[in-house]
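User: Hi! I'd like to learn how to read a structure like this one. Could you walk me through it step by step?

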Amino acid sequence: MGSEMCIRDSAKVDTHEAAEFLLGILEHGAPADRGAAVDGLKRSRGSRFIEVARSSIAAAAPDVQGALRDILRARGIAA
């Protein structure tokens, strides 16, 4: 539970490094960690992750593409 909270809170940090970290969790993290990242990113207000998501969505694995589209749609951005 503690790591999931930290991951959700990481989505509040609007830096390129935090965005890359969270993308890495979506790509390689445990299912609970991926869920926490998606949840945090859907609620986030920063723009850095949006930039990273848009630039990486085409090359991402299908499950990661789905998560990225979910996050972008939740934030009102066409994916």
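User: How are helix 4 and helix 5 oriented to each other?

Analyst: Here's the general idea: two packed helices are described by the angle between their axes and the distance between the axes. Keep in mind that we're looking at a predicted model. Here, helix 4 covers residues 48–56 and helix 5 covers residues 62–74; they pack at an angle of about 140°, with their axes 11 Å apart. An angle has to be over 145 degrees to count as roughly antiparallel, so helix 4 and helix 5 come out as oblique to each other. As for handedness, helix 4 passes helix 5 in a left-handed crossing.

User: Which residues of helix 4 and helix 5 meet?

Analyst: From helix 4 you have Phe-49, Ile-50, Ala-53 and Ser-56, and they meet Leu-68, Ile-71 and Leu-72 of helix 5. Sorted by class, that contact has six nonpolar residues, one polar and no charged ones.

User: Let's try another pair. At what angle do helix 2 and helix 4 pack, and how far apart are their axes?

Analyst: Helix 2 spans residues 16–28, and it packs with helix 4 at an angle of about 50°, the axes being 8 Å apart. This pair is therefore oblique as well: that's the label for helix 2 and helix 4. Their crossing is right-handed. On the helix 2 side the contact is made by His-16, Ala-19, Glu-20, Leu-22, Leu-23 and Leu-26, and on the helix 4 side by Arg-48, Phe-49, Val-52 and Ser-56. By class, the contact of helix 2 with helix 4 has six nonpolar, two polar and two charged residues.

User: Val-52 caught my eye. Is Val-52 buried or exposed?

Analyst: To read this, look at relative accessible area: under 20% is buried and over 50% is exposed. Val-52 sits in helix 4, and because its relative accessibility is 2%, Val-52 counts as buried. Leaving out residues up to four places away in sequence, Val-52 touches His-16, Ala-19, Glu-20 and Leu-23. You can also check a distance: the C-alpha atoms of Val-52 and Glu-27 are separated by 13 Å, and the two residues are 25 apart along the chain.

User: And Ser-10, where is that, and which residues does Ser-10 touch?

Analyst: Ser-10 belongs to helix 1, residues 2–10. With a relative accessible area of 18%, Ser-10 is buried too. Again not counting residues up to four places away in sequence, Ser-10 touches Ala-18, Phe-21 and Leu-22.

User: What about Ala-79, buried or exposed?

Analyst: Ala-79 lies in the segment after helix 5. At 56% relative accessibility, Ala-79 counts as exposed. Ala-79 does have contacts, though: it touches Arg-69 and Leu-72, with residues up to four places away in sequence not counted. The C-alpha atoms of Ala-79 and Ala-53 are 9.5 Å apart, with the residues 26 apart along the chain.

User: Zooming out, how many helices and strands are there in the protein chain?

Analyst: There are five helices and zero strands, so from the N terminus on, the elements run α-α-α-α-α.

User: And what does the radius of gyration of the protein chain agree with?

Analyst: With 79 residues, a compact globule would have a radius of gyration near 12 Å, and the protein chain's 11 Å agrees with that. Along its principal axes, the C-alpha trace spans about 30 × 25 × 20 Å. Of the 79 residues, 42% count as buried. Finally, among contacts between residues at least 6 apart in sequence, 61% join residues at least 24 apart.

Key
Residues are numbered from 1 along each chain as its sequence is written. This is a predicted model: local features need pLDDT of at least 70, side-chain atom pairs count only at pLDDT 80 or more; totals for chains, interfaces and linings use all residues. Side-chain values use heavy atoms; hydrogens and water are left out. Axes are lines fitted to C-alpha atoms, for helices over the stretch in contact, and angles run from 0 to 180 degrees between N-to-C directions. Helices (H or I, at least four residues) and strands (E, at least two) are DSSP runs, numbered from the N terminus. Angles under 35 degrees count as roughly parallel, over 145 as roughly antiparallel, 65 to 115 as roughly perpendicular and the rest as oblique. A crossing is left-handed if the near helix is turned anticlockwise from the far one by less than a right angle, and right-handed if clockwise. Contact means heavy atoms within 4.5 Å. Ala, Val, Leu, Ile, Met, Phe, Trp, Tyr, Cys and Pro count as nonpolar, Asp, Glu, Lys and Arg as charged, and the others, Gly among them, as polar. Buried means under 20% relative accessible area, exposed over 50%, partly exposed in between (1.4 Å probe, protein chains only). The radius of gyration is taken over C-alpha atoms; the globule rule is 2.2 Å times the number of residues to the power 0.38.
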